[in-house]
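Biologist: I am new to this structure and would like a close look at a single part, the open sheet and what surrounds it. Please begin with a residue in one of its loops, and then connect the pieces as you go.

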Amino acid sequence: MGKTELYSLYKGFLDCICLCLSRSGDEAAGDNERDTENGHLIYKSGDVLEDRYEIVDTLGEGTFGKVVQCLDHSSVLTHRGGSRIALKIIKNLEKYREAAKLEINVLEKISERDPDNKHRCVQMLDWFNYYGHMCISFELLSLSTFDFLKANNFLPYPINQIRHMAHQICHAVSFLHDNKLTHTDLKPENILFVNSDYSLIYNAEKKCNERRVNDTTVRLVDFGSATFDHEHHSAVISTRHYRAPEVILELGWSHPCDVWSIGCILFEYYEGFTLYQTHDNREHLAMMERIQGPIPQRMIQRSRKQKYFHRGCLNWNECSKAGRYVKAKCKPLRKYLLSHGTEHHQFFNLLERMLEYEPSKRISLSSALCHPFFLPLHHQVTSQVWRNSCDMSR
């Protein structure tokens, strides 16, 4: 082969490399143009993803990405002009992509174990990768129980509504526990109404109108932190206000940490405010002691967080600014009762058993579902079955 031919071959090889580099650069630029600086997908109303999902508007935003409302124009649904769904669009960042894959795995297991959607967990309909953004589609739900509370000026839910919501939450999380899963991030924001339409009721005590949700049917959402029993358990889990003592004390955790979170959620529904309004571990423990009494010695001795204690007691100065704040904010649990009616006392008995310090002594959700507080619901089901049988016999 002559020098001229070798030169031509070498030049062609270089041109090919330059073309490839140019193409990869164009693709990278395209990704940059498609995403914001922090990894969110740039979109507008009317955009269609995967030739199927037409974006209508944004429903919410979190650290993971955004949730948008879409019209699903899949061939199965075209005769209805598209069905409305919620689409979770994960940021185009590796750590969020990997977390989304874990969530998809959990959601697939839930669908497999609950094909008829009887256990109050949100249903995943589909998932796909859109230019580095993991996307998960769900049934479209309504406001979260927190957002409804906020829109209602933080006026508490009535006790009968709390009973129905609590029963569904316990049922949903009990289903997870039966399938060797811990949710780990239970909070009012992650419990959504199927329909949050409401009626305006005059509250004579508060001298104002309040919103009363018409249908208290709820769904449990956000399985991004859900952990199987056999998987690695992160040291820190749960949103601060709903974090169990064993997590703060780094004693290890399992299903009972979800039960503690539910207790905190139900208190919030009942009072309209958070039980533990703090952002500091030591202060959080001081609040617990003010509300529920001393932390058990066994838990203190086993804790890796000995810096919070001195001679077996919480190292806490009640005369400090923080000490005065805790004293003003917190009181023994039973002092939060809004009524001395039987159902209120039953409710607080359930709370006390959910907010038991020792995880091994904390009530299980299967036992919680049999608690006297839920008895009126069981009577309703029994009477409904009886009425149905009477109707059928006519």
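Modeller: In this predicted model, Arg120 is found in the loop between α2 and β5. Phi of Arg120 is near 65°, a positive value in a residue that is not glycine. That deserves a remark, because most residues other than glycine have a negative phi. With a relative accessibility of 27%, Arg120 counts as partly exposed, since the buried class ends at 20% and the exposed class begins over 50%.

The two elements on either side of this loop lead to the sheet. Helix α2, which spans residues 94-113, lies across β4 (83-90), β5 and β6 (133-139), and its direction makes an angle of about 30° with β6. The sheet is an open one of six strands, and if you follow the strands across it you meet them in the order β1-β2-β3-β4-β6-β5, with antiparallel pairing. The edges are held by β1 (48-49) and β5 (124-130), each of which has a single partner strand, so one side of each is left without a neighbour in the sheet. As background, strands of a sheet pair through backbone hydrogen bonds, either parallel or antiparallel.

It helps to walk through the sheet from the β1 edge. There, β1 and β2 pair in the antiparallel sense over two bridges, and Leu49 has Tyr53 of β2 as its bridge partner. The hairpin of these two strands has three residues between them, and in this hairpin Glu50 takes a positive phi near 60°. A positive phi is thus found at Glu50 and also at Arg120, the residue with which we began.

Tyr53 carries the walk onward, for its bridge partner in β3 is Asp72. Strand β2 covers residues 53-61 and strand β3 covers residues 65-72, and seven bridges join these antiparallel strands. Further along the pair, Ile55 stands opposite Cys70 in β3, and Thr58 has Val68 of β3 as its bridge partner. The connection from β2 to β3 is a hairpin of three residues.

How many of the eight residues of β3 are buried? Seven of them are, which makes β3 a mostly covered strand. On its way to the next strand, β3 is joined to β4 by eight bridges, and these two strands also run antiparallel. One of the facing pairs here places Lys66 opposite Ile89 in β4.

The cysteines of this region can be followed in the same careful way. Cys70, already met opposite Ile55, has the cysteine sulfur closest to that of Cys135, but the distance of 8.7 Å is too far for a bond, given that a disulfide requires two cysteine sulfur atoms within 2.5 Å. Cys135 itself is buried, at 0% relative accessibility. A search of the whole structure likewise finds zero disulfides.

To place the sheet in its wider setting, we can look at the nonpolar cores. The largest nonpolar core has 88 residues, and those that touch the most other members are Leu220, Phe223, Ile262, Tyr269, Leu285, Phe347 and Met354. Apart from this core lies another, of 13 residues, and among them are Leu41, Ile89, Phe128 and Tyr130. Ile89 is therefore a member of this 13-residue core as well as the residue of β4 that faces Lys66. As a general background, nonpolar side chains tend to be buried together in soluble globular proteins. Returning to Met354, its contacts, with residues up to four places away in sequence set aside, include Cys170, Val259, Trp260, Leu266 and Ala368. Cys170 is buried too, with a relative accessibility of 0%.

Beyond the sheet, another loop offers a useful companion to Arg120. Asn153 lies between α3 (145-151) and α4 (159-178), and although it is not a glycine, it has a positive phi of about 55°. Asn153 is exposed, with a relative accessible area of 63%, whereas Arg120 is partly exposed.

Finally, the chain as a whole gives the frame for these details. The protein chain contains twelve helices and 14 strands, and 44% of its 394 residues count as buried. Among the contacts in the chain with a separation of 6 or more, 64% are between residues 24 or more positions apart. The accessible surface of the chain comes to about 21000 Å², and carbon and sulfur atoms account for 51% of it.

Notes:
Residues are numbered from 1 along each chain as its sequence is written. This is a predicted model: local features need pLDDT of at least 70, side-chain atom pairs count only at pLDDT 80 or more; totals for chains, interfaces and linings use all residues. Side-chain values use heavy atoms; hydrogens and water are left out. Two strands pair if DSSP finds at least two bridges between them. Helices (H or I, at least four residues) and strands (E, at least two) are DSSP runs, numbered from the N terminus. Contact means heavy atoms within 4.5 Å. Axes are lines fitted to C-alpha atoms, for helices over the stretch in contact, and angles run from 0 to 180 degrees between N-to-C directions. Buried means under 20% relative accessible area, exposed over 50%, partly exposed in between (1.4 Å probe, protein chains only). Accessible areas come from the Shrake-Rupley method with a 1.4 Å probe; for residues, only the protein chains shown count as cover. A nonpolar core is a set of buried Ala, Val, Leu, Ile, Met, Phe, Trp, Tyr and Cys residues joined through side-chain atoms within 4.5 Å.
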